[in-house]
Amino acid sequence: MPKQTFFNLPDDKRQTLILAAEKEFSRVPLFEASISNIVKTAGIPRGSFYQYFEDKEDAYLFLLNQQAKARQGNFIALLSKNDGNLFDAITEMYRLILLEIPTQENLEFLKNAFLNMTHKIENIFTKIFSVNESSEKLREISSMINKENLNISDEDDLTHVIQIIMSVTFHNLVEKFAKELTYEQAMSNFKIEMNLLKNGLCKQGI
């Protein structure tokens with residue numbers, strides 16, 4: 001978590017530092033990233049970096065958290081759009097992520113994140129689905145999901161269903177980057193796996 005001094009920065013200076021960090025973490029994975037490159041791009045003394053972040057991992061995890069929060073908002077909106085259908089919502093979200101990739105400035109940033117996945121990185125991305133969020137946030141997501149068409153008994157079952165879907169989504173994103181799949185290939189693979197899950201987890205006739 002950044003220090004309070006980071007949040008006290010004027011918007012333009014804070015954004016300059018964020019862009020500099022994104023540039024470095026897009027160039028190489030976290031373990032190869034250089035604070036020297038970040039401060040050089042941002043045009044600040046090296047000592048100033050440590051006034052804002054504990055270390056480079058602190059800066060990196062902050063950027064990931066920002067992305068996860070944005071994705072969570074998208075997921076909630078898609079649940080509403082798809083009348084609480086969990087499978088339709090996640091499939092559309094995956095499609096939108098793929099469509100964003102060719103034009104996203106942080107394409108390499110996402111690629112480095114998924115190809116160098118750690119427990120900390122995975123925990124941040126699970127926040128999209130509120131699996132590791134507070135019980136209040138999880139209840140909010142749960143209340144939007146149409147549970148009538150799912151073969152589940154209680155909220156614990158729903159949490160496990162979400163974790164399974166999340167794992168499949170992560171796997172497909174890693175495959176997309178690792179094998180450099182086209183949009184069509186990545187989308188086809190994801191739909192096949194989602195349909196298999198849907199056939200097993202949804203009630204017949206739904």
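**View 1. Helix H6 of the predicted model, from residue 86 to residue 100.** At 1.5 Å a residue, the 15 residues of helix H6 should span 21 Å, and the end C-alpha atoms are 21 Å apart, which agrees; the expected span is 1.5 Å times one less than the number of residues. Helices (H or I, at least four residues) and strands (E, at least two) are DSSP runs, numbered from the N terminus. Asn85 caps the N-terminal end of H6, with a side-chain oxygen 3.1 Å from the backbone nitrogen of Phe87. This is a predicted model, in which local features need pLDDT of at least 70 and side-chain atom pairs count only at pLDDT 80 or more, whereas totals for chains, interfaces and linings use all residues. Residues are numbered from 1 along each chain as its sequence is written, and side-chain values use heavy atoms, with hydrogens and water left out.

**View 2. The buried residues of H6 and the helices they pack against.** Among the buried residues of H6 are Leu86, Phe87, Ile90, Met93, Tyr94 and Ile97; buried means under 20% relative accessible area, exposed over 50% and partly exposed in between (1.4 Å probe, protein chains only). The buried residues of H6 pack against helix H5 (56-81), helix H10 (155-178) and helix H11 (183-201).

**View 3. Glu24 in helix H2, which comprises residues 11-27.** Glu24 has a relative accessible area of 4% and is therefore buried. The side chains of Glu24 and Arg27 are joined by a polar contact of 2.8 Å (a pair of N or O atoms within 3.5 Å; within protein, one must be able to donate a hydrogen and the other to accept it, and residues adjacent in sequence count only if both atoms are side-chain atoms). Leaving aside residues up to four places away in sequence, Glu24 touches Glu32, Ala33, Ser34, Asn37 and Ile38, contact meaning heavy atoms within 4.5 Å.

**View 4. Two loop residues with positive phi, Asp83 and Glu180.** Asp83 is found in the loop between H5 and H6, and its phi is near 55°. With 66% relative accessibility, Asp83 counts as exposed. Glu180 lies in the loop between H10 and H11, has a phi near 50° and is exposed at a relative accessible area of 61%. Neither Asp83 nor Glu180 is a glycine.

**View 5. Confidence along the chain.** The mean pLDDT (the predictor's confidence in each residue, from 0 to 100) is lowest in helix H9 (residues 135-144), at 77, and highest in helix H3 (residues 35-42), at 96.
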